[in-house]
Amino acid sequence: MSEKQKKATAYWKENVRYLFILLAIWFVVSFGAGILFKDALNTIKIGGFKLGFWFAQQGSIYVFVVLIFVYVRLMNKLDKKYGYNE
């Protein structure tokens, strides 16, 4: 295996690891906060809405958008690390 192929393989392994971590965070927030922990979170209110309801309707979307920006930042660092930035 050439050095270029090793570099590309390491790059994609790290990229996939980032994806799995970020998607796991989104899953925990959307499924966990919106469904599993809904009853516990509903004891807290934000803007007149129960927190469990808010996470199910809005919170998971906000978290997803934030995770997109986190992914872009991570990928920019990863590109620089492996020399793929231009």
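**Notes on a predicted helical model**

1. What covers the buried residues of helix 1 includes helix 2 (38–41) and helix 3. The model under discussion is a predicted one, and the points below take up helix 1 and its partners in turn. The buried residues of helix 1 are Tyr11, Glu14, Asn15, Tyr18, Leu22, Val29, Gly32, Ala33 and Gly34.

2. The length of helix 1 can be checked with simple arithmetic, because its 34 residues, at 1.5 Å a residue, should span 50 Å, and the C-alpha atoms at its ends are 46 Å apart, which agrees.

3. Glutamate 14 deserves a careful look: this residue lies in helix 1. Is glutamate 14 buried or exposed? Its relative accessible area is 11%, and because buried means under 20%, glutamate 14 counts as buried. If residues up to four places away in sequence are not counted, glutamate 14 touches Leu78, Lys81 and Tyr82.

4. Which residues are linked with Glu14 in a network of salt bridges? The network consists of Glu14, Arg17 and Lys81. In one of its bridges the side chains of arginine 17 and glutamate 14 meet at 3.9 Å, N to O, and because these two residues are three residues apart in helix 1, they are separated by about one helical turn. Arginine 17 counts as partly exposed, at 44% relative accessibility, whereas glutamate 14 is buried.

5. The side chains of glutamate 14 and lysine 81 also meet in a salt bridge, with a distance of 3.2 Å, N to O. This pair links distant parts of the chain, since glutamate 14 is in helix 1 and lysine 81 is in helix 3, 67 residues apart. Lysine 81 is exposed, with a relative accessible area of 56%, so a buried residue and an exposed one meet in this bridge.

6. By the rule used here the count of salt bridges comes to three, and one of them joins aspartate 39 with lysine 38, whose closest N and O atoms are 3.5 Å apart. Aspartate 39 is exposed, with a relative accessible area of 59%, while lysine 38 is partly exposed, at 34%.

7. The aromatic rings can be read in a similar way, and here the count comes to seven aromatic pairs. Tyrosine 11 and tyrosine 84 form an edge-to-face pair, with 4.9 Å from centre to centre and 75° between the planes. Why does this pair tie together parts that are 73 residues apart in sequence? The reason is that tyrosine 11 lies in helix 1, whereas tyrosine 84 lies in the segment after helix 3. Tyrosine 11 is buried, with a relative accessible area of 10%, and tyrosine 84 is partly exposed, with a relative accessible area of 33%.

8. Another aromatic pair, formed by phenylalanine 27 and phenylalanine 31, is stacked, with 5.1 Å from centre to centre and 10° between the planes. Because phenylalanine 27 and phenylalanine 31 are four residues apart in helix 1, they are separated by about one helical turn. Phenylalanine 27 counts as partly exposed at 48% relative accessibility, and phenylalanine 31 counts as partly exposed at 33%.

9. Which residues form one aromatic cluster? The members are Tyr11, Trp12, Tyr82 and Tyr84. Tyr82 has already appeared in these notes, as one of the residues that glutamate 14 touches.

10. On the surface, Leu19, Leu23, Trp26, Phe64, Ile68 and Val72 form a nonpolar patch, which together has about 480 Å² of accessible area. The elements that give two or more residues to this patch are helix 1 (3–36) and helix 3 (51–82). One of the patch residues, valine 72, has its place in helix 3, and valine 72 counts as partly exposed because its relative accessibility is 42%.

11. A last point concerns phenylalanine 49, which is found in strand 2 (residues 49–50) and counts as partly exposed at 47% relative accessibility. How far apart are the C-alpha atoms of phenylalanine 49 and valine 29? They are separated by 17 Å, and the two residues are 20 residues apart along the chain. Valine 29 is itself among the buried residues of helix 1.

Methods. Residues numbered from 1 in each chain as written. Predicted model: local features only at pLDDT ≥ 70, side-chain atom pairs only at ≥ 80, totals over all residues. Heavy atoms only, no water. Patch = residues over 30% accessible without salt bridge, like charges linked within 9 Å, V, L, I, M, F, W, Y side chains within 5 Å. Areas by Shrake-Rupley, 256 points an atom, 1.4 Å probe, with all protein chains shown as cover. Salt bridge = Lys/Arg side-chain N within 4 Å of Asp/Glu carboxyl O. Buried < 20%, exposed > 50% of the residue type's maximum accessible area, 1.4 Å probe, protein only. Contact = heavy atoms within 4.5 Å. Expected span 1.5 Å × (residues − 1). Phe/Tyr/Trp six-rings, centres within 6.5 Å; stacked < 30°, edge-to-face > 60°.
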